[in-house]
Amino acid sequence: MGRITLLETIESAFSAKTWAIVVPAIYDTLYMVLFTTILTVFFGLILGIVLVTTDKDGIYPRPRFNAVAGGIVNGFRSLPSMIVIILTLPLSRLILGKSYGPKACIIALAVTCIPMFGRLVESSILEVSKGKIEAARSMGAKNRDIVLKVLLPEALPSLIRSFTISVIAIISTTALAGTLGAGGLGDVAVRFGYSRFKTDILLAAVLVMIVIVQAIQFAGNTLSKFILKRRHLI
Amino acid sequence: MARYSTHTTEFEAKHCDAGHFIRISNLRKTFRARDKNFAVLKGIDLEIDRGDIFGVVGFSGAGKSTLIRCINRLEEPDEGEITIGETEITGLSKQELDRYRQKIGIIFQHFNLLDARTVAENVAFPLEIAGERKDRIASRVKEILELVDLSDKTDFYPGQLSGGQKQRVGIARALANNPDILLSDEATSALDPQTTLSVLDLLKDINEKLKLTIILITHELNVIRYICKNMAVLEDGLIVEKGSVRSVFGAPQSETAKLFLRIDAGFATFGWQDGEGI
């Protein structure tokens, strides 16, 4: 049996046959990433704001609540994503009626990503100087005003960076979830590339993921820099 | 709109020390750390007249900042009373306090402007908080930026401004809601002498034009001398001297006031001999 050369593998990685398998997987991955991102941003933002404001030095200090919330977040974060996904599959079954496929996976993915994004939001918001918050308070601003008019706008460039990091983490977690019945590029890479020694398909799937991640990182950096430049902070 | 009135009523004329716009009595504040308490204000009594420019001097740690921050309750006093006009602000509820704060402007050493907002948007901020209408905000912002001579910087971001310009924006922002009082928390301490002078001139100007009462804390004697009418010397949480600037520095009694003058007279005339210091 002739050995397949590296060149042949690369050639094959760009063949129509390979892409017939990879392209639908791209669609699945983007689908999962998109909806997981929406859930993660929404709940992670709320979580981050809650963590900052209820801190004992926050604008709405509730130290005991904060300690409990922080503990829960740490609990989720200390588990490997794979374990959290397995643990949350029954939740998907409860909500969607099934525990496999891209849709079911979104919930599991969101559960692993929300605590992470929440912590990133927290640290972004903590960069806003206390003086600005105090100035707002001295004008009679309510907590709602402080969050919406001071904390979030001031932290925006940093929040965008946190968001970029999270989307990339979501992509890699999605690939992981792919192997647990979610489908997508991770599933293709493992099922064909690893289990069936189809290195060409593995290569194609990996290339696509690299391109997606690079594009997102670039977009995030550019946007964040654009805002900082507009504000003349760099 | 703030509902309290700052006009002296008949009742006030009869029952309170007539004429004093701001009265602080027995103000105490202790900061609690884990194993130690720091008494920062140990019973402050102070009266300030309407339209005054009142300076509080003291060295670091004397409690100046805590004192001025008690006036708009950025710091909650433990004990004592602060009355402005006929409103006892130490007794206000949270909602009342928010409304009342709109009538007290404050400027800071580090300006604390919002980087995400342009000059005009920064000045509009307190008006938004107060729930002003959009068109009202626009006209008020224009008016107030003219007053602080920043009309040409309307759409600039704070990141594009010099320290002096930033403090002007800070002043404009503090004045937006037509306050009765302006607090200045070391507002010129981060500025160079020349910029300090122009900011002080501006404060003097608005004190006259708007009949605004200004309370400022500083560790710079020159600031006091340049714009204050009356002053108090704070030493270790207590007022050790108060009166007109002329009377206090004309015949200083307290260690702090004497030391301020000696420093002012210059290191050159005092401390050249082998580490004797000033």
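Here are some questions and answers about a predicted model with chains A and B.

User: How does the model score on ipTM and pTM?
Analyst: Keep in mind that we're looking at a predicted model. The scores for it are ipTM 0.89 and pTM 0.88.

User: What is the mean pLDDT of chain A, and what is it for chain B?
Analyst: In chain A, 99% of the residues reach 70 or more, and in chain B 89% do. The means are 92 for chain A and 88 for chain B.

User: Where in chain B does pLDDT stay under 50?
Analyst: Look at a stretch for which the model has 18 contacts beyond four places in sequence. That stretch of chain B is residues 1–17.

User: Which helix of chain A has the highest confidence?
Analyst: At the low end sits helix α4 (residues 81–96) of chain A, with a mean of 83. At the high end, with 96, is helix α6 (residues 130–138) of chain A.

User: How many helices and strands does chain A have?
Analyst: Read along the sequence and you get α-α-α-α-α-α-α-α-α for chain A. So the count for chain A, with its DSSP runs numbered from the N terminus, comes out as nine helices and zero strands.

User: Is α3 of chain A largely in the open or mostly covered?
Analyst: Helix α3 (residues 63–78) of chain A reaches 22 Å from its first C-alpha to its last, close to the 22 Å expected at 1.5 Å a residue. To count as buried, a residue needs 20 or more other C-beta atoms within 10 Å of its own. Just one of the 16 residues of α3(A) is buried, so this helix lies largely in the open.

User: How many residues of α6(B) are buried?
Analyst: Helix α6 (residues 163–175) of chain B should span 18 Å, and its end C-alpha atoms are indeed 18 Å apart. Its buried residues, among them B:V169, B:I171 and B:A172, pack against β6, α4, α5 (134–147), β7 (181–185) and α7 (193–210) of chain B. α6(B) is mostly covered, and the number buried out of 13 is 11.

User: Why does A:A182 count as buried?
Analyst: You'll find A:A182 in helix α7 (residues 143–182) of chain A. Leaving out residues up to four places away in sequence, A:A182 touches A:M32, A:G101, A:P102, A:C105, A:A177 and A:D187. The cut-off for buried is 20 or more C-beta atoms within 10 Å. A:A182 counts as buried because its C-beta neighbours inside 10 Å number 26.

User: Which helix supplies the largest share of the largest nonpolar core?
Analyst: In soluble globular proteins, nonpolar side chains tend to be buried together. Here the largest nonpolar core has 132 residues, and those with the most contacts inside it include A:L109, A:A205 and B:I215. The largest share of this core is 15 residues, from helix α5 (residues 101–126) of chain A.

User: Which residues does B:I215 touch, not counting residues up to four places away in sequence?
Analyst: B:I215 is one of the residues with the most contacts inside the largest nonpolar core. Its partners are B:I48, B:F54, B:I68, B:I71, B:I181 and B:L183.

User: By class, what is on the side of chain B that touches chain A?
Analyst: On chain B, 19 residues are in contact with 19 residues of chain A. α3 (94–101), β6 (104–108) and α4 (119–129) of chain B each supply at least two residues of that side. Sorted by class, that side of chain B has nine nonpolar, six polar and four charged residues.

Notes: Residues are numbered from 1 along each chain as its sequence is written. Chains are lettered from A and ligands numbered from 1 in the order in which they are written. This is a predicted model: local features need pLDDT of at least 70, side-chain atom pairs count only at pLDDT 80 or more; totals for chains, interfaces and linings use all residues. Two residues are in contact if their C-beta atoms, placed from the backbone, lie within 7 Å. Helices (H or I, at least four residues) and strands (E, at least two) are DSSP runs, numbered from the N terminus. Ala, Val, Leu, Ile, Met, Phe, Trp, Tyr, Cys and Pro count as nonpolar, Asp, Glu, Lys and Arg as charged, and the others, Gly among them, as polar. A nonpolar core is a set of buried Ala, Val, Leu, Ile, Met, Phe, Trp, Tyr and Cys residues joined through C-beta atoms within 7 Å. A residue is buried if 20 or more other C-beta atoms lie within 10 Å of its own, exposed if 12 or fewer, and partly exposed in between; C-beta atoms are placed from the backbone. The expected span of a helix is 1.5 Å times one less than its number of residues. pLDDT is the predictor's confidence in each residue, from 0 to 100.
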